[in-house]
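Please work through the exercises below with the sequence and the model at hand.

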Amino acid sequence: MSDSRFYLDIHILQTVPPSCVNRDDTGTPKTAVYGGTTRARVSSQAWKRAVRDLFREGLLRSEQIGSRTKKIVALVAGQIADLAPDKDAVKLATAALEKAGLKKVTEEKGTDALFFMSREQARALAKLAVEGSNDKAAYKEAIKAAPSVDMVLFGRMVASDPSLNYDAAVQVAHSISTHAVQNEFDYFAAVDDCAPEDNAGAGHLGTVEYNSSTLYRYANVNVREVAEHLGKAETPGVVRAFAEGFIRSMPAGKQNPFANRTLPDAVYIALRSDQPVNLCGAFEKAVPASPEGFVGPSKARLVRCAQDLYESFAQAPDWALTIGSGWEALAPARPLQAALNDLEGELQRRLGNGVE
């Protein structure tokens, strides 16, 4: 495997029943036109947020997870208070962030935009502030060094100071349905429990827009970039955590009225040394409705698309496995936890040999 190219591809088919997991500013489930037909769509941002939520629920240790917030003064002030309870933590934190290059930072308003900060970065800034350092270069280095795992995976963008940016090691595609969809409306009525007995009317009337779909989901991880930031020893566990989070997560939109918590129908995991390969072309022509539903035909479509691409344009993966049934023609099938164990072990083997 090439020293400069080392990618993990994750392909997922997942059926979602009536739901509204990701909606626009009008409350309408997001859609996209692909191959000339309207498809259900779930944005990459929605699914990345769902993965980060699973990180916080135990996939990663708390110290590995950063905070994306405007209230960064409070983050640094909390660390200062731990180091020096007798000092004015807010004042020192504000000054430390300004020395690091962030402008117009206040306790009340915070920053103009959300800022991603790791615990180690907040702690390093606090230490410099308590020591009374005026070395702006040291403050700058403190806010750049020791990124959190989710910062490495999903990146940090600071428009006011691009030198603080982190390029994301993970790319997540907008999920789209493999078939055409048409949004529908659920008309509902809510009863007033305290209404007079002779009042037969509803206390509230409304509608919720929804759709149902079989989604194709895709993400890739630049394993080499993760290793550059976190080291070879930590990288296999981190990549495994992302893979599990991406497979098991579900955006939280309208979960209570729809309870659409499904798991994938099939997963295809591949390690590549050429380039990431999105297999959405399998569904450029929408899968037609049939008595077989959409899952089976969609599985067959993706297998044919992958095989055609491997014969014509891209090399076959260096290593691959599948989860669930229907994709055994691409790679052996394993249960979820066994597959994740195999993935982590393969990453350890390759990185341990000095290969990135």
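Two exercises with worked solutions follow.

The model is predicted, so local features need pLDDT of at least 70 and side-chain atom pairs count only at pLDDT 80 or more, while totals for chains, interfaces and linings use all residues. Residues are numbered from 1 along each chain as its sequence is written, and side-chain values use heavy atoms, with hydrogens and water left out.

**Exercise 1.** Compare the expected span of helix H10 with the distance between its end C-alpha atoms, then state which residues of H10 are buried.

*Solution.* Step 1: helices are DSSP runs (H or I, at least four residues), numbered from the N terminus. Step 2: the expected span is 1.5 Å times one less than the number of residues. Step 3: H10 (residues 295-312) has 18 residues and should therefore span 26 Å, in agreement with its end C-alpha atoms, which are 26 Å apart. Step 4: the buried residues (under 20% relative accessible area) of H10 are Val-295, Pro-297, Ser-298, Lys-299, Arg-301, Leu-302, Val-303, Cys-305, Ala-306 and Tyr-310.

**Exercise 2.** Locate Ser-133 and describe its surroundings.

*Solution.* Step 1: the loop between helix H4 (119-131) and helix H5 (136-144) holds Ser-133. Step 2: a relative accessible area of 17% makes Ser-133 buried. Step 3: the side chain of Ser-133 reaches the backbone nitrogen of Asp-135 at 3.2 Å. Step 4: with neighbours within four places in sequence left aside, Ser-133 is in contact (heavy atoms within 4.5 Å) with Lys-99, Leu-128 and Tyr-139.

Conventions: Helix = DSSP H or I, 4+ residues; strand = E, 2+ residues; numbered from the N terminus. Buried < 20%, exposed > 50% of the residue type's maximum accessible area, 1.4 Å probe, protein only. Polar contact = N/O pair within 3.5 Å; in protein donor to acceptor, adjacent residues only side chain to side chain.
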